[in-house]
Amino acid sequence: MKLDARDRQLLTLLQEDCRLSNADLADKVGMSSSACWRRVRQFEEAGVIARYKAEVTPDQVGLEFQALVHIQLTRHNPEHLQQFITAVQTQSEVLECFATTGQADYLLRVLCENIAEYNRFLEEFLFRLPAVESAQTNVVLKEIKRNRGIPL
């Protein structure tokens, strides 16, 4: 979908606060409420807006251990690879998973209550997957920047 300047402004505002009322959103971009509502609906129907969500602060809900885990696979056996992907997609501790180039085949962002829970995650989940040869953990000490939306 081709976006004009007003579309980009609408999407930026929604990424910053998706609870803005349609009237407030329309006012901020200089549109009528009905035109604004139609445009947002078009974004939703086209898949430009995938979903709306609340951002929860991890440490406020007891999730204080975060790690980036570099995964190397044993072999690229299609069956084991699919099993790995399916398992990672359903594991709640895994916030994000990326297939990568370089030394690691995959990069996971993992969030747990504490290091003991992370150790349980490794022993009872990750190291039991046949595709996983090794995992290198980088513990997140401090968050410097978190992307709050797609730059438009």
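Okay, let's start with helix 4, residues 78–90, which lies across strand 1, strand 2, strand 3 and strand 4 and runs at about 30 degrees to strand 3. Angles here go from 0 to 180 degrees between N-to-C directions, and axes are lines fitted to C-alpha atoms, for helices over the stretch in contact. Helices (H or I, at least four residues) and strands (E, at least two) are DSSP runs, numbered from the N terminus.

Quick housekeeping: this is a predicted model, where local features need pLDDT of at least 70 and side-chain atom pairs count only at pLDDT 80 or more, while totals for chains, interfaces and linings use all residues. Residues are numbered from 1 along each chain as its sequence is written, and side-chain values use heavy atoms, with hydrogens and water left out.

Now, the sheet. It's an open one with four strands in the order 2-3-1-4, with antiparallel pairing; two strands pair if DSSP finds at least two bridges between them. Strand 2 and strand 4 (132–139) are at the edges with a single partner strand each, so each has one side without a neighbour in the sheet. From one strand to the next, the twist averages 20 degrees.

Let's zoom in on strand 3, residues 106–112. On one side, strand 1 (residues 65–73) pairs with strand 3 over seven bridges, antiparallel, and I71 has Y106 as its bridge partner. Strand 2 (residues 94–99) also pairs with strand 3 in the antiparallel sense, over five bridges. There, A99 is bridged to Y106, and F98 to L107. Strand 2 and strand 3 make a hairpin with six residues between them, and G102 in the turn has a positive phi of about 95 degrees.

So is strand 3 enclosed or open? Six of its seven residues are buried, so strand 3 is largely enclosed by the rest of the structure. Buried means under 20% relative accessible area, with exposed over 50% and partly exposed in between (1.4 Å probe, protein chains only).

On to the cysteines. How many disulfides does a search of the whole structure find? Zero, taking a disulfide as a pair of cysteine sulfur atoms within 2.5 Å. For C36, the nearest cysteine sulfur is that of C18, 14 Å away. C112 can't bond either, because its closest cysteine sulfur, in C97, is 15 Å off, which is too far. C36 counts as buried at 0% relative accessibility, and so does C112 at 3%.

C36 also turns up in our last stop, the helix pair. Helix 1 (residues 5–16) and helix 3 (residues 33–46) pack at about 80 degrees, axes 11 Å apart. That makes them roughly perpendicular, the label for 65 to 115 degrees; under 35 is roughly parallel, over 145 roughly antiparallel, and the rest oblique. D7, L10, L11 and L14 of helix 1 meet C36, R39, V40 and F43 of helix 3, contact meaning heavy atoms within 4.5 Å.
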